[in-house]
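I am keeping this notebook to record, entry by entry, what I looked up and what I found. I begin with the chains and then move on to single residues.

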There are 2 protein chains.
Amino acid sequence: MKKAEIIPEPTLRRLSSYLLFLLQLREKKIRTVSSTMIANELFIESGKVRKDFQYAKIKGRPKRGYDVNHLIVEIDKILKWDGPKSALLVGVGSLGTALLGYSNFQRYGIRFVAAFDTDPDKIGKTIQDLVIDSLDNLKKEIKTKNIEIAVMTVPEETAQEVADLLVKSKIKAIWNFAPVRLKVPEKVIVEHARFAQSLAVLTYKIG
Amino acid sequence: MKKAEIIPEPTLRRLSSYLLFLLQLREKKIRTVSSTMIANELFIESGKVRKDFQYAKIKGRPKRGYDVNHLIVEIDKILKWDGPKSALLVGVGSLGTALLGYSNFQRYGIRFVAAFDTDPDKIGKTIQDLVIDSLDNLKKEIKTKNIEIAVMTVPEETAQEVADLLVKSKIKAIWNFAPVRLKVPEKVIVEHARFAQSLAVLTYKIG
């Protein structure tokens, strides 16, 4: 870690939510925003918003609030969303295909530059302007295209195996959509898509 | 709320993660598990696991740990995953199609019984055994099929409008995949899919 100070994960997550709101404000030509406005939009305390901005070293002007454009630029810089990182996807099934076509990802800092599958019928076909490649070429592609992030949309049974291969091929981060908690070395960053967790909250609350 | 005691959201989310691990253990014919094993698997403190089980009123046997099958049954009961609730999906684009075909959802307590779109070219077509319906029939379908959950995979621009229609049609819960924070009455439960939040953590940590 080259960072002097590490921003906690909940703050990072909230910063991304603030950003989505700020982009909506900019769309509506609103130029200034208070921490209270942001807090109300996200149903949190305004003190938390100010504290998050402190962590991120973002400054407001007393009584005038925050400049919307300035906030967007600052949050983009912190999250490293100011220039998209190269990403690959493994598992071009229906979810994988959907994610490859999800146009918002570019706004969230990643751009797909490669797609992989094990199915010989899929390899060689083009999807979202990418030619589906064999996993045999994974390591080479990661190196030559300087790919930092892998999105995994593979079946549960093969997820750990694919993760092992990604780690060996020197990937920096994995975003896993298979319902398996992956085991990877500490230096590799993993985020799990939490479909089950979201549904747990919904179904419990319905009662 | 008819519940005597409300289980906090972070506990609910962790319970669903414990459950996925327990299902893997059962698959491997492992019958007993300790809170330490679960904690190690999820990279959390074992005290937190025991506290979550206390909230959920799940009891272990001293020195023998927890029975895997018993835990699965208990967590399913708490999360209301012991019998799937009926769900609908609005927006049969590529992500919507992928989610309709995502076989794990049934394990996570929901079953799709209806799908809707505004595109006349899509209405009437069959996808994943469901005939795509017009939003004009939303209210009627929710009532006759006793649908409690709506999954929204619609474009950002129309998300609030669709949410308003769902609320009018007496939906109980919305799981929203559009990158917009929906405004709904307090009695309606909303969960937002947090693609941006997951990517914020990944791209920041890569640095």
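By what turn and what shift along the axis can chain B be laid on chain A? Working with a predicted model, I found that a turn of 180° and a shift of 0.0 Å along the axis lay chain B on chain A with an RMSD of 0.0 Å. That is the relation of a two-fold axis.

Next I looked up how the copies meet, and I noted that 100% of the interface residues of chain B are interface residues in chain A as well, so the two copies meet through the same surface.

I then turned to the largest nonpolar core, which holds 114 residues. Among those that touch the most other members are B:Ile38, A:Phe195 and B:Phe195. Setting aside neighbours within four places in sequence, I listed the contacts of B:Phe195, which include A:Phe195, A:Trp175 and A:Tyr102 from chain A as well as B:Leu95 and B:Phe177 from chain B.

My next entry concerns two helices of chain B, α1 (residues 9-27) and α3 (residues 46-55), whose axes lie 10 Å apart at an angle of about 105°. Angles of 65 to 115 degrees count as roughly perpendicular, and α1(B) and α3(B) are therefore roughly perpendicular to each other. The residues of this contact divide into 5 nonpolar, 1 polar and 3 charged.

Last, I checked A:Arg13, which has its place in helix α1 of chain A. Buried means under 20% relative accessible area, and A:Arg13, at 16%, is therefore buried. Leaving aside neighbours within four places in sequence, A:Arg13 is in contact with A:Glu191 and A:Arg194, and also with B:Gln197, B:Ser198 and B:Val201.

Methods: Residues numbered from 1 in each chain as written. Chains lettered and ligands numbered in written order. Predicted model: local features only at pLDDT ≥ 70, side-chain atom pairs only at ≥ 80, totals over all residues. Heavy atoms only, no water. Least-squares fit on C-alpha atoms with pLDDT ≥ 70 in both. Contact = heavy atoms within 4.5 Å. Core = buried A, V, L, I, M, F, W, Y, C linked by side-chain atoms within 4.5 Å. Buried < 20%, exposed > 50% of the residue type's maximum accessible area, 1.4 Å probe, protein only. Axes fitted to C-alpha atoms, helices over the stretch in contact; angles between N-to-C directions. Helix = DSSP H or I, 4+ residues; strand = E, 2+ residues; numbered from the N terminus. Parallel < 35°, antiparallel > 145°, perpendicular 65-115°, else oblique. Nonpolar A, V, L, I, M, F, W, Y, C, P; charged D, E, K, R; others polar.
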